[in-house]
Amino acid sequence: MNVVRRDVLKIFLLRRRRIKMNSGGDSLLDPADSLVPVSSDLATMSISETLNASNTPAGVEENKSELPQTVMPAPKPAPPKKVSRKVELKPGHSLTHWVNRSKSGEDMTNKVGLSETRVITLQEVAKHNQESDCWMAIRGKVYNITKYLDYHPGGVDILMKEAGKEATALFDKNHRWVNIERLLASCQIGVLKTMTLAI
């Protein structure tokens with residue numbers, strides 16, 4: 001550590017002395033200038049040459065292992081980018097368009113009829129697994145999502161994988177923050193019949 005400080009002090013003093021020599025005045029010399037003897041050839045060296053100049057006498061090898069080694073840690077790799085499954089929607093099929101359409105009074109249940117009380121079995125839901133007639137159960141409610149398919153940001157294909165099924169697990173995995181009851185309120189056709197086991 002002392003070697004590094006001595007070199008830094010030497011550079012500081014060399015620069016200071018060079019400035020004073022160029023200005024032609026000795027009156028600004030400080031007693032600290034005499035702490036490190038500097039030869040006249042060192043006074044004309046550049047900073048990089050001064051750093052490389054050795055303070056050791058001729059014939060004596062300098063011990064470079066005493067110099068502190070600064071090892072920079074390897075940069076952390078960038079976290080992998082999350083792959084977005086969004087697809088390009090048709091014009092006029094954004095979330096805003098869906099909200100406006102679902103509030104327009106149009107029948108979004110595909111003539112099944114809006115209901116919050118009709119009880120529907122999973123077997124009945126399984127019969128409706130086509131793009132032209134697509135039902136899905138999410139969080140205990142059954143939705144006819146046929147008219148919603150083209151508005152889904154992830155595309156039709158991802159919804160068709162769960163068409164005619166109970167899709168709560170997949171929905172919660174990808175969209176647990178989405179208020180499905182509000183988003184698909186106009187598509188609800190009933191509630192899913194739960195299985196009860198006799199004990």
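The exchange below concerns a predicted model and takes up an aromatic cluster, a histidine and an asparagine.

Trainee: How many aromatic pairs does the structure hold, and which residues form the aromatic cluster?

Mentor: The structure holds two aromatic pairs. The rings of tryptophan 98 and tyrosine 148 make up one of them, and the rings of tryptophan 98 and tyrosine 151 make up another. The one cluster that results is formed by Trp98, Tyr148 and Tyr151.

Trainee: Is the pair of tryptophan 98 and tyrosine 148 stacked, tilted or edge-to-face?

Mentor: A pair of aromatic rings is described by the distance of the centres and the angle of the planes. For tryptophan 98 and tyrosine 148 the centres lie 5.0 Å apart and the planes stand at 70°. Because planes over 60 degrees apart count as edge-to-face, this pair is edge-to-face.

Trainee: Which parts of the chain does that pair link, and how many residues apart are they?

Mentor: Tryptophan 98 belongs to helix 4, residues 95-102, whereas tyrosine 148 sits in the loop between strand 4 and helix 6. The pair therefore links distant parts of the chain, and the separation of its two members in sequence is 50 residues.

Trainee: And how is the pair of tryptophan 98 and tyrosine 151 classed, stacked, tilted or edge-to-face?

Mentor: Here the ring centres of tryptophan 98 and tyrosine 151 are 5.1 Å apart, with the planes at 55°. Planes under 30 degrees apart count as stacked and those over 60 as edge-to-face, so an angle of 55° leaves this pair tilted.

Trainee: Is tyrosine 151 buried or exposed?

Mentor: Residues under 20% relative accessible area count as buried. Tyrosine 151 has a relative accessibility of 8%, and it therefore counts as buried.

Trainee: Where is histidine 152 placed, and with which residues beyond its sequence neighbours is it in contact?

Mentor: Histidine 152 is found in the loop between strand 4 (141-144) and helix 6 (156-160), and with a relative accessible area of 9% it is buried. Leaving aside neighbours within four places in sequence, histidine 152 is in contact with Val87, Leu89, Ile158, Leu159 and His175.

Trainee: What residue does the side chain of asparagine 144 join through a polar contact?

Mentor: Asparagine 144 lies in strand 4 and is buried, its relative accessible area being 0%. Leaving aside its neighbours within four places in sequence, asparagine 144 is in contact with several residues, among them Met108, Asp133, Trp135 and Cys187. The polar contact, which is 2.6 Å and runs between side chains, joins asparagine 144 to threonine 146.

Terms used
Residues numbered from 1 in each chain as written. Predicted model: local features only at pLDDT ≥ 70, side-chain atom pairs only at ≥ 80, totals over all residues. Heavy atoms only, no water. Helix = DSSP H or I, 4+ residues; strand = E, 2+ residues; numbered from the N terminus. Buried < 20%, exposed > 50% of the residue type's maximum accessible area, 1.4 Å probe, protein only. Contact = heavy atoms within 4.5 Å. Phe/Tyr/Trp six-rings, centres within 6.5 Å; stacked < 30°, edge-to-face > 60°. Polar contact = N/O pair within 3.5 Å; in protein donor to acceptor, adjacent residues only side chain to side chain.
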